[in-house]
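This report describes how the helices of one protein chain pack and how its aromatic side chains are arranged. The sequence and the structure come first, and the description follows.

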Amino acid sequence: MADMGSKGVTAGKIASNVQKKLTRAQEKVLQKLGKADETKDEQFEQCVQNFNKQLTEGTRLQKDLRTYLASVKAMHEASKKLNECLQEVYEPDWPGRDEANKIAENNDLLWMDYHQKLVDQALLTMDTYLGQFPDIKSRIAKRGRKLVDYDSARHHYESLQTAKKKDEAKIAKAEEELIKAQKVFEEMNVDLQEELPSLWNSRVGFYVNTFQSIAGLEENFHKEMSKLNQNLNDVLVSLEKQQGSSTFAIKAQPSDNAPAKGNKSPSPPPDGSPAATPEIRVNHEPEPASGAAPGATIPKSPSQPAEASEVAGGTQPAAGAQEPGETAASEAASSSLPAVVVETFSATVNGAVEGGSGAGRPDLPPGFMFKVQAQHDYTATDTDELQLKAGDVVLVIPFQNPEEQDEGWLMGVKESDWNQHKELEKCRGVFPENFTERVQ
């Protein structure tokens, strides 16, 4: 009998819940159609908007904080491997080996301590802060349902009062249900009216504490790490002094002809190899002997084909020949101009030698010198740079103003962009030469 009673109570509760859902759905439809008025509280609605905004901001902060912690852990692993590499290459008979090993151990402990403190003082606090939102969100939704129940009971009571045939028993029951629904709604409403503004104001203190903790931990971490790095530097300086006879410096040697200028510094390729010193090629043609007669035949450079001198049906002089009186001027110009200017001028004049002369060919950009192919991806860091993917073919062209060319950088247009647009203004840009390899 007890089981039967229990089943009856359960069935009755289910039926009651179903009836409530139907009544709410009907009430919402009537409100949307404008056939029933809706109780509104603009102040509470503003509190709900603030709550949703606060929840969104907190969720984003939690996500970004987890990303930051993952980055700290990744840096810890990278630092650990780097120190392990140093320990492996450090010979047993070198001075300072024990100190270097101790520094590596302290480095590892410092990273672990930093990560753990970030978890304890920032992430766990963040999780606690967000832990209160689900319950309040559920109560806001429940308050909304109770408001619909209250409006429905109010409309039912009002309809019975305005009916032509009044049933006092039904009116009394409807009034009782209305009072009950109103009481339940107002209790929830009052609690949320107090909690939501308080929660909204608490965000300021939470953000301050969280970011102060992160900033303080990071500051202390870098101070301690700086001390370890200084100690390691002292150990290596001591090693260098004791093993001075075996020490040599690896430095990028600038070209003899290249001036020390340029605002851009080409980045090293992704494989970690040092940036190659750009090769500045100056095409000096042989000058006539001081005693040679004007118009005398001058031997061509081995790399210059005979056809290069037969421009426009053979009416132009050979590229290597100079008219009388021009030798001194050309010498002065080549000695006073930067190497990159000479290179650009030479490459433009000797287009046939460098890349097959782009002059007059619609399939190549004006001034085309040669082709290169990207060996590594390059991410542009300025609007005047080309974005390269490994395998991209670039058509190299001279700079409009040769003085703007920086050491180690070339001007060009990707072959795919040129074939598609045929417009230099939209497609051309500079790129680091050491990310590419000449192919033609």
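## An aromatic cluster

Phe51, Tyr129, Phe133, Phe206 and Tyr207 are joined into a cluster by ring pairs. The model in which this cluster appears is a predicted one, and a search of the whole structure gives 10 aromatic pairs. One of these is formed by Phe51 and Phe133, whose ring centres are 5.4 Å apart and whose planes make an angle of 35°, so that the pair is classed as tilted, the range for that class lying between the limits of 30 and 60 degrees. The pair connects distant parts of the chain, with Phe51 in helix H2 and Phe133 in helix H4 (residues 133-161), 82 residues apart.

Are the two partners buried or exposed? Phe51 has a relative accessibility of 2% and therefore counts as buried, and Phe133, at 1%, counts as buried as well.

## A stacked pair between H4 and H5

Tyr150 and Phe185 form an aromatic pair of the stacked kind, with 6.0 Å from centre to centre and 5° between the planes. Because Tyr150 belongs to helix H4 and Phe185 to helix H5, this pair ties together parts of the chain that are 35 residues apart in sequence. Tyr150 has a relative accessible area of 14% and is therefore buried, while Phe185 counts as buried at 8% relative accessibility.

## Helix H2 against H4

The axes of H2 and H4 are 12 Å apart and make an angle of about 150°, which means that H2 runs roughly antiparallel to H4. The crossing in which H2 passes H4 is left-handed. On the H2 side the contact is made by Phe44, Val48, Phe51, Gln54 and Leu55, and on the H4 side by Phe133, Ile136, Lys137, Ile140 and Arg143. By class, the residues of this contact divide into 7 nonpolar, 1 polar and 2 charged. Both members of the tilted pair, Phe51 and Phe133, are thus among the residues through which H2 and H4 touch.

## Helix H2 against H5 and H3

How are H2 and H5 oriented with respect to each other? Helix H2 (residues 42-89) packs against helix H5 (residues 168-242) at an angle of about 15°, with 10 Å between the axes, and the two helices are therefore roughly parallel to each other. Their crossing is left-handed, and the contact between them comprises 18 nonpolar, 6 polar and 4 charged residues.

Helix H3 (residues 97-131) also packs with H2, here at an angle of about 170° and with the axes 10 Å apart. Since this angle is over 145 degrees, H2 and H3 count as roughly antiparallel to each other. The residues of their contact comprise 18 nonpolar, 11 polar and 6 charged.

## Two positions along H2

Gln54 lies in helix H2 and counts as buried because its relative accessibility is 1%. When residues up to four places away in sequence are left aside, Gln54 touches Tyr129, Phe133, Leu199, Trp200, Ser202 and Arg203. Of these neighbours, Tyr129 and Phe133 also belong to the aromatic cluster, and Gln54 is itself listed among the H2 residues that contact H4.

Leu82, which is also located in helix H2, has a relative accessible area of 63% and is therefore exposed. The C-alpha atoms of Leu82 and Ala104 lie 9.3 Å apart in space, and the two residues are 22 residues apart in sequence.

## A loop residue with positive phi

Most residues other than glycine have a negative phi. Lys422, by contrast, has a phi near 60°, a positive value in a residue other than glycine. Lys422 is found in the loop between helix H9 (415-421) and helix H10 (424-427), and because its relative accessible area is 38%, Lys422 is described as partly exposed.

## The chain as a whole

The protein chain has 10 helices and 5 strands. Of its 440 residues, 31% count as buried. Among the contacts in the chain with a separation of 6 or more, 71% are between residues 24 or more positions apart. The pair of Phe51 and Phe133, 82 residues apart, is an aromatic link between distant parts of the chain.

Technical notes: Residues are numbered from 1 along each chain as its sequence is written. This is a predicted model: local features need pLDDT of at least 70, side-chain atom pairs count only at pLDDT 80 or more; totals for chains, interfaces and linings use all residues. Side-chain values use heavy atoms; hydrogens and water are left out. Axes are lines fitted to C-alpha atoms, for helices over the stretch in contact, and angles run from 0 to 180 degrees between N-to-C directions. Helices (H or I, at least four residues) and strands (E, at least two) are DSSP runs, numbered from the N terminus. Angles under 35 degrees count as roughly parallel, over 145 as roughly antiparallel, 65 to 115 as roughly perpendicular and the rest as oblique. A crossing is left-handed if the near helix is turned anticlockwise from the far one by less than a right angle, and right-handed if clockwise. Ala, Val, Leu, Ile, Met, Phe, Trp, Tyr, Cys and Pro count as nonpolar, Asp, Glu, Lys and Arg as charged, and the others, Gly among them, as polar. Buried means under 20% relative accessible area, exposed over 50%, partly exposed in between (1.4 Å probe, protein chains only). Contact means heavy atoms within 4.5 Å. Rings of Phe, Tyr and Trp (its six-membered ring) pair if their centres lie within 6.5 Å; planes under 30 degrees apart count as stacked, over 60 as edge-to-face and the rest as tilted.
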